[in-house]
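Biologist: I have this model open at the bench and would like a close look at a single part. Could you take me through one place where two helices meet, and then show me what else is built around it?

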Amino acid sequence: LAAAAAAAATTGGDAALDAFWMPFTANRQFKKSPRLLAKASGMHYWDADGREILDGCAGLWCVNAGHTRPKIVAAIQAQAAELDFAPTFQMGHPLAFELAGQITRIAPAGMGKVFFTNSGSESVETALKMALAYHRVRGEGQRTRLIGRERGYHGVNFGGISVGGIVANRKMFGAMLAGVDHIRHTHDPARNAFSVGQPAHGADFADDLERLCALHDPSTIAAVIVEPIAGSTGVLIPPQGYLQRLREICDRHGILLIFDEVITGFGRTGQPFAAQTFGVTPDLMTVAKGLTNGAVPMGAVIAKDMIHDAFMDGPEHLIEFFHGYTYSAHPLACAAGLATLQTYAEEGLLTRAQQLQGQLAERLHALRDAPNVIDVRNYGLVGGVELAPRPGEPGKRGFEVFLDCYANGVLIRTTGDTIAMSPPLIIEPAQIDQIVDTVRAALGRVA
Ligand code: PLP
């Protein structure tokens with residue numbers, strides 16, 4: 001395949017790469033100039049030619065403990081030989097219960113129930129259905145409206161793109177997205193550009209929820225879903241007091257608050273969950289990615305006990321929540337999850353971002369004088385550097401910076417013209433320097 005990739009680079013295409021229709025990828029560009037990762041360990045990938053690449057984005061915000069960690073590898077290998085699959089519909093296996101228990105031990109107080117899925121997108125669908133069903137089982141079935149936020153990303157399934165606020169999704173699939181509304185996003189560069197950590201201005205953006213309550217009547221609204229930090233739409237940090245105010249408004253009107261912690265979960269912000277970092281407890285929390293360190297697909301919804309308990313009425317032989325996936329709590333994923341949580345605990349990774357965020361902030365904000373930089377945003381081990389788009393070519397400058405960094409041994413991610421950094425939580429200070437230096441050099445080369 002490496003040879004095929006090299007050939008493709010010169011010939012402009014190769015049959016060996018033809019069949020895989022790649023997700024969220026510029027397929028034609030990729031297949032002309034493939035970037036094939038062949039091996040990984042700790043903070044690094046190696047490409048098919050053996051070139052070392054520093055991982056500045058934890059794969060896709062998921063490999064929080066670094067790559068191919070021995071305990072996680074061994075746990076998956078052993079589990080594959082011990083119990084390959086077990087249904088969790090009317091059956092169970094011990095690791096599923098053990099992992100759920102361990103997750104609740106690091107979750108915010110009162111969030112004592114875990115429903116397993118296989119991805120962030122599935123976690124979002126599950127949480128939205130749970131919210132609707134919760135109101136219904138309590139006799140408030142008229143609460144059917146879901147509220148998301150502009151610039152929200154909640155995965156790619158229909159519920160998630162409905163509550164999400166990404167224009168490309170809404171344009172393409174809009175006809176399917178009825179019955180939801182959106183509060184405004186919190187991005188306000190006029191007041192908040194180059195804020196270090198949480199922006200000072202914008203708690204009042206939460207009041208937009210009151211506007212929607214006035215429009216639809218709060219008794220029709222089931223839930224509000226937001227990412228504590230929006231990652232995929234350009235690293236948007238919640239203004240000071242914003243999440244608190246959302247919580248207050250939800251409480252006032254009996255609306256459930258869902259935090260989508262798919263990227264913020266498992267240590268990204270310096271606590272196990274952003275809910276703890278920002279001191280706001282939601283009713284439901286969606287997670288995935290870092291739950292298994294990305295090693296086996298798995299997601300979960302973490303629910304307040306009171307949500308779960310509301311379902312536990314009626315005849316005991318009946319299924320209380322009519323939902324689940326064949327692979328919910330897959331044994332390999334559970335084994336990976338348990339070994340991941342053990343690795344996080346042994347190495348103090350779920351709070352390690354606290355020690356490193358100062359350096360990341362300082363180095364990142366020094367980029368404000370680099371060419372085309374119009375904003376720098378940071379929190380915990382998340383960084384965003386927004387570039388001015390080229391006139392008529394939105395996203396192209398960002399993409400070229402991504403390619404330049406990759407050519408120079410650092411993997412970052414770009415969404416539009418915003419560079420996102422979310423390295424594994426094992427990163428060392430010198431590697432933070434290497435990432436930022438590589439980005440700076442790329443900004444100097446990319447016009
Ligand atoms: N929610 C958020 C906040 C995400 O960032 C993502 C993925 O990046 C998802 C949901 C979707 O997760 P998945 O790609 O595992 O379906």
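Modeller: Happy to! Let us start with the residues that touch. On one side, helix 4 brings K71, I72, A75, I76, Q79 and A80. Facing them from helix 14 are P331, L332, A335, A336, L338, A339, T340, Q342 and T343. Sorted by class, this contact between helix 4 and helix 14 holds 10 nonpolar, 4 polar and 1 charged residues. Please keep in mind that the model is a predicted one.

Now for the geometry. Two packed helices are described by the angle between their axes and by the distance between those axes. Here helix 4 covers residues 70-82 and helix 14 covers residues 331-347; their axes lie 8 Å apart and make an angle of about 155 degrees. Because angles over 145 degrees count as roughly antiparallel, helix 4 is roughly antiparallel to helix 14. The crossing of helix 4 past helix 14 is right-handed.

With that pair in view, we can turn to the sheets. One is an open sheet of 4 strands in the order 11-12-15-14, and its pairing is antiparallel. Its edges are strand 11 (373-379) and strand 14 (413-415), each of which pairs on one side only. On average, neighbouring strands in this sheet are turned by 20 degrees against each other, direction ignored. Inside the order, strand 12 (residues 382-387) and strand 15 (residues 418-421) run antiparallel and are joined by 4 bridges. For a spot to click on, try E386, whose bridge partner in strand 15 is T418.

Helices lie against this sheet too. Helix 16 (residues 396-407) packs on it and touches strand 12, strand 14 and strand 15, with a direction at about 175 degrees to that of strand 14. Helix 15 (residues 353-365) lies across strand 11 and strand 12, and runs at about 180 degrees to strand 11.

There is also an open sheet with mixed pairing, whose 4 strands follow the order 1-2-3-13. Strand 1 (37-41) and strand 13 (410-411) are its edge strands, each pairing on one side only. Strand 3 (residues 52-55) runs parallel to strand 13 and is joined to it by 2 bridges; D55 has L411 as its bridge partner in strand 13.

Last, the ligand. It is surrounded by 14 residues, the closest being S119, G120, S121, G155 and V262. Helix 6 (residues 120-137) supplies the largest share of this shell, 3 residues. By class, the shell around the ligand has 5 nonpolar, 7 polar and 2 charged residues.

Technical notes:
Residues are numbered from 1 along each chain as its sequence is written. This is a predicted model: local features need pLDDT of at least 70, side-chain atom pairs count only at pLDDT 80 or more; totals for chains, interfaces and linings use all residues. Two strands pair if DSSP finds at least two bridges between them. Axes are lines fitted to C-alpha atoms, for helices over the stretch in contact, and angles run from 0 to 180 degrees between N-to-C directions. Two residues are in contact if their C-beta atoms, placed from the backbone, lie within 7 Å. Angles under 35 degrees count as roughly parallel, over 145 as roughly antiparallel, 65 to 115 as roughly perpendicular and the rest as oblique. A crossing is left-handed if the near helix is turned anticlockwise from the far one by less than a right angle, and right-handed if clockwise. Ala, Val, Leu, Ile, Met, Phe, Trp, Tyr, Cys and Pro count as nonpolar, Asp, Glu, Lys and Arg as charged, and the others, Gly among them, as polar. A residue is near a molecule or strand if its C-beta atom, placed from the backbone, lies within 6 Å of it.
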